[in-house]
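Here is a short tour of a protein model, with its helix packing and its aromatic rings as the two stops. Have the structure open and follow along.

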Amino acid sequence: YIALLLALLGISMGLITSPNYNFIIDNVPKSFLGEISGTIALLRNFGMVIGTALGITIVNYFATTPVSHWLTLTNSNDVTSLLFGIKSVFILFAIVLIVIGIIFNYFIEKQMEVEEI
């Protein structure tokens, strides 16, 4: 099951990351390829670090036991609160992504209006 999920993650990352990276590289002058590649890697790693830190912070906020005790949980109430914390992370991040999508959609529509004029 885990191997299937990791394969699905790898395929989806490959389908999204590669075309985007290729589009950026194709539209950058050759003299800036090193800087752009480094910036892309930095932003990708920065996003993973910040996302992990925020996720763990939110889980710790909602759970009654800290994340560092996950492997030793024996009380069902602690497990339930931990799962509620994880669920809260997904709900919060989904809301943030929806808001970002609405904002991007607004700016894209505004840009299309400007181009029509």
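## Helix packing and aromatic pairs

Helix 1 and helix 2 run roughly antiparallel to each other, because their packing angle of about 150° is over the 145 degrees that this term requires. Bear in mind that this is a predicted model. The axes of helix 1 (residues 2-26) and helix 2 lie 10 Å apart, and helix 1 passes helix 2 in a right-handed crossing.

Which residues meet where helix 1 packs on helix 2? From helix 1 come Tyr21, Ile24 and Ile25, and from helix 2 come Leu33, Ile36, Ser37 and Ile40. Of the residues in this contact, six are nonpolar, one is polar and none is charged.

Now for the rings. The model has three aromatic pairs, and two of them are listed here with their geometry.

| Pair | Centre to centre | Angle between planes | Arrangement |
|---|---|---|---|
| Tyr61 and Phe62 | 5.1 Å | 90° | edge-to-face |
| Phe62 and Phe84 | 5.5 Å | 85° | edge-to-face |

The pair of Phe62 and Phe84 links distant parts of the chain: Phe62 belongs to helix 2 (residues 33-62) and Phe84 to helix 3 (residues 76-116), 22 residues apart. Tyr61, Phe62 and Phe84 make up one aromatic cluster.

Are these rings buried or exposed? Tyr61 counts as exposed because its relative accessibility of 65% is over the 50% cut-off. Phe62, at 35%, is partly exposed, and Phe84 is partly exposed at 43%.

Key
Residues are numbered from 1 along each chain as its sequence is written. This is a predicted model: local features need pLDDT of at least 70, side-chain atom pairs count only at pLDDT 80 or more; totals for chains, interfaces and linings use all residues. Side-chain values use heavy atoms; hydrogens and water are left out. Rings of Phe, Tyr and Trp (its six-membered ring) pair if their centres lie within 6.5 Å; planes under 30 degrees apart count as stacked, over 60 as edge-to-face and the rest as tilted. Buried means under 20% relative accessible area, exposed over 50%, partly exposed in between (1.4 Å probe, protein chains only). Helices (H or I, at least four residues) and strands (E, at least two) are DSSP runs, numbered from the N terminus. Axes are lines fitted to C-alpha atoms, for helices over the stretch in contact, and angles run from 0 to 180 degrees between N-to-C directions. Angles under 35 degrees count as roughly parallel, over 145 as roughly antiparallel, 65 to 115 as roughly perpendicular and the rest as oblique. A crossing is left-handed if the near helix is turned anticlockwise from the far one by less than a right angle, and right-handed if clockwise. Contact means heavy atoms within 4.5 Å. Ala, Val, Leu, Ile, Met, Phe, Trp, Tyr, Cys and Pro count as nonpolar, Asp, Glu, Lys and Arg as charged, and the others, Gly among them, as polar.
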